[in-house]
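Trainee: Can we go through this one together? I'd like to start with the terms.
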Amino acid sequence: MPGASGRKKREDLMGPEEDEGMDDGFDAPLTMKEQIEHKRQDIQDDLDDTKDMINEAQSVGAATNKKLAMQNEQLRKANDDLDEIDENMDQADHSLSRMEMCCLFALCCCCCHPAGPTKKQRKDDLPARHGQVVKTRQPGNRLDENEEGLDDEERHERRVANKLDDISEGLDVLNDLAKEQNEQLKETKEINEKLSEKIDAQRGRIKASDKRGKQLLR
């Protein structure tokens, strides 16, 4: 099956023009050398198709990891917003406490103006941003396919060896992308768990403050 390059086996590429001069519609048998050359070309085409598919998978994987990283940054921004809401709730609780003191003592003096709440120092309680997976495999030395003195067989073997090296390196990249994607997903899960805890905590604080405010208005 041809890959992204649209390559086909050599026998699929033979058109009617190649049948000209053939007697009774039969193809002349290929010589042994021609058969060997066709097989060599088929092998190289198959390897090129494999490389194309790996390159396409790398593009999809890299794009997916980029989107996951952007999503995690948005979740971190949401976490900062929740921290700001927490600070606002501290101020609201402080204001309610002042009002409750004034109502309790029927005064409107110093008890109404105590020091404000101490601003909490925000702590980064989210998982650390993971670093990019570093590829440790060094590219191998490519064989010179055009070295003088090579016969057809040796040149073919070197081309195949170089393409196999390319495929191996491409698979290493895919493996690294998969590891990075796994780290991104773990980071997303951990951030979501923290956000859920903070949302639940703020929901409880808001309900409690609402109840206190209603009691003051009675």
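Mentor: Sure. Buried means under 20% relative accessible area, exposed means over 50%, and partly exposed is in between, with a 1.4 Å probe and protein chains only. Accessible areas come from the Shrake-Rupley method with a 1.4 Å probe, and for residues only the protein chains shown count as cover.

Trainee: And the ground rules for the model?
Mentor: The model is predicted, so local features need pLDDT of at least 70 and side-chain atom pairs count only at pLDDT 80 or more, while totals for chains, interfaces and linings use all residues. Residues are numbered from 1 along each chain as its sequence is written, and side-chain values use heavy atoms, with hydrogens and water left out.

Trainee: How many helices and strands are there in the protein chain?
Mentor: The protein chain has 2 helices and 0 strands. Helices (H or I, at least four residues) and strands (E, at least two) are DSSP runs, numbered from the N terminus.

Trainee: What share of the residues counts as buried?
Mentor: 24% of the 218 residues in the protein chain. The chain exposes about 15600 Å². Carbon and sulfur atoms supply 53% of that area.

Trainee: What about contacts between residues at least 6 apart in sequence?
Mentor: Of those contacts in the protein chain, 82% join residues at least 24 apart. Contact means heavy atoms within 4.5 Å.

Trainee: Switching to charges. How many salt bridges are there in the whole structure?
Mentor: The search finds 17. A salt bridge is a side-chain nitrogen of Lys or Arg within 4 Å of a carboxyl oxygen of Asp or Glu.

Trainee: Which residue does Arg205 pair with?
Mentor: Asp86, with the closest N and O atoms 2.6 Å apart. Arg205 lies in helix α2 (residues 152-216) and Asp86 in helix α1 (residues 32-105), so this pair ties together parts that are 119 residues apart in sequence.

Trainee: Is Asp86 buried or exposed?
Mentor: Asp86 counts as buried, because its relative accessibility is 18%.

Trainee: And what does Arg212 bind?
Mentor: Arg212 makes a salt bridge with Asp93, at 3.7 Å from N to O. This pair also links distant parts of the chain, with Arg212 in helix α2 and Asp93 in helix α1, 119 residues apart. Asp93 is buried at 19% relative accessibility. Arg212 is partly exposed at 21%.

Trainee: Got one that stays within a helix?
Mentor: Take Lys186 and Glu183, a salt bridge with the closest N and O atoms 3.8 Å apart. Both lie in helix α2, 3 residues apart, about one turn of the helix. Lys186 is partly exposed at 40% relative accessibility. Glu183 is partly exposed too, at 30%.

Trainee: Which residues do shared partners join into one network?
Mentor: Asp86, Asp90, Asp93, Arg205 and Arg212.

Trainee: Where does negative charge gather on the surface?
Mentor: In a patch made of Asp151, Asp152, Glu154 and Glu157. Patches take residues with over 30% relative accessible area and no salt bridge; like charges are joined within 9 Å, and nonpolar side chains (Val, Leu, Ile, Met, Phe, Trp, Tyr) within 5 Å. Lys and Arg count as positive and Asp and Glu as negative, while His and the chain ends are not counted. The place of a charge is taken as NZ of Lys, CZ of Arg, CG of Asp or CD of Glu.

Trainee: Tell me about Glu157 in that patch.
Mentor: Glu157 sits in helix α2. Its relative accessibility is 46%, so Glu157 counts as partly exposed.

Trainee: What does Lys51 touch, leaving out residues up to four places away in sequence?
Mentor: Lys163, Asp166 and Ile167. Lys51 is in helix α1 and is partly exposed at 23% relative accessibility. From Lys51 to Asp166 is 7.3 Å, C-alpha to C-alpha, across 115 residues of sequence.

Trainee: And Lys66?
Mentor: Lys66 is also placed in helix α1. Lys66 counts as exposed, because its relative accessibility is 58%. Its C-alpha is 9.2 Å from that of Gln181, 115 residues away in sequence.

Trainee: Last one. Where does Glu145 lie?
Mentor: In the loop between α1 and α2. Glu145 is partly exposed at 21% relative accessibility. Beyond four places in sequence, Glu145 touches Leu150, Arg155, Arg158, Arg159 and Asn162. The C-alpha atoms of Glu145 and His156 are 7.9 Å apart, with their positions 11 residues apart along the chain.
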